[in-house]
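Let's take a walk through this protein together. Have the sequence and the 3D view open as you read.

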Amino acid sequence: MCIRDRIRKKKRQAVNDESVIEKLDYWPEHVKVAYFDGNNMLFADDEIRQITLSRRQQKGSEYLTNIIQQFTLSKQQFDSVLIFDNTKKEGQIVLNKMPKINLTVFSARPKYETSDDMLVE
């Protein structure tokens, strides 16, 4: 088994570990905005990676945006900011009116080279 396969296996085991799942149910009250690096996340999951690598990066971005939307709505406690290196689907999505919960999607380009650069500024 190659190193990549071993890492993926460990990730799957970690997600199935009950202690990890319990931690995912808790959200710290003081955290009001969650930032997500869209480009790195496009390669974190096998299904999204396959969509992205099959020359359908826009589809992968849309799929990931939907996942972040559902995650944000399920918690109902914070806004989310999703940053891609380059996307045409920028804008703010109001996910809930009371309490107001938003997902904002940004493109790092043209001002920044990558989403990493935008996140660290």
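Start with a pair of helices: H4 and H5 cross each other in a left-handed way. Keep in mind that what you're looking at is a predicted model. H4 covers residues 46-53 and H5 covers residues 57-75. Two packed helices are described by the angle between their axes and the distance between the axes. For this pair, the angle is about 150° and the axes sit 6 Å apart. Angles over 145 degrees count as roughly antiparallel, so H4 is roughly antiparallel to H5.

Which residues of H4 and H5 make the contact? On the H4 side, look for Glu47, Ile48, Ile51 and Thr52. On the H5 side, pick out Gln57, Lys59, Gly60, Tyr63, Leu64 and Ile67. Sort the residues of this contact by character and you get five nonpolar, three polar and two charged.

Now zoom out to the rest of the chain. How many helices and strands does the protein have? The tally is six helices and four strands. Going along the sequence, they come in the order α-α-β-α-α-α-β-β-β-α. Of the 121 residues in the protein, 31% are buried. The accessible surface adds up to about 8,700 Å², and carbon and sulfur atoms hold 53% of that. As for how the chain meets itself, take the contacts with a separation of 6 or more: 44% of them link residues 24 or more positions apart.

Next, find Asn96, which is part of strand S3 (residues 91-97). Setting aside neighbours within four places in sequence, Asn96 touches Leu73, Gln76 and Ile101. Leu73 is worth a second look here: Asn96 and Leu73 are 23 residues apart along the chain, and their C-alpha atoms are separated by 7.6 Å. Leu73 also falls within the stretch of H5, residues 57-75.

Finish your tour at Glu121, in the segment after helix H6 (115-120). Is Glu121 buried or exposed? Its relative accessibility is 66%, and the cut-off for exposed is over 50%, so Glu121 counts as exposed. Even so, Glu121 has partners: leaving out neighbours within four places in sequence, Glu121 is in contact with Lys111 and Tyr112.

How values were computed: Residues are numbered from 1 along each chain as its sequence is written. This is a predicted model: local features need pLDDT of at least 70, side-chain atom pairs count only at pLDDT 80 or more; totals for chains, interfaces and linings use all residues. Side-chain values use heavy atoms; hydrogens and water are left out. Helices (H or I, at least four residues) and strands (E, at least two) are DSSP runs, numbered from the N terminus. Buried means under 20% relative accessible area, exposed over 50%, partly exposed in between (1.4 Å probe, protein chains only). Contact means heavy atoms within 4.5 Å. Accessible areas come from the Shrake-Rupley method with a 1.4 Å probe; for residues, only the protein chains shown count as cover. Axes are lines fitted to C-alpha atoms, for helices over the stretch in contact, and angles run from 0 to 180 degrees between N-to-C directions. Angles under 35 degrees count as roughly parallel, over 145 as roughly antiparallel, 65 to 115 as roughly perpendicular and the rest as oblique. A crossing is left-handed if the near helix is turned anticlockwise from the far one by less than a right angle, and right-handed if clockwise. Ala, Val, Leu, Ile, Met, Phe, Trp, Tyr, Cys and Pro count as nonpolar, Asp, Glu, Lys and Arg as charged, and the others, Gly among them, as polar.
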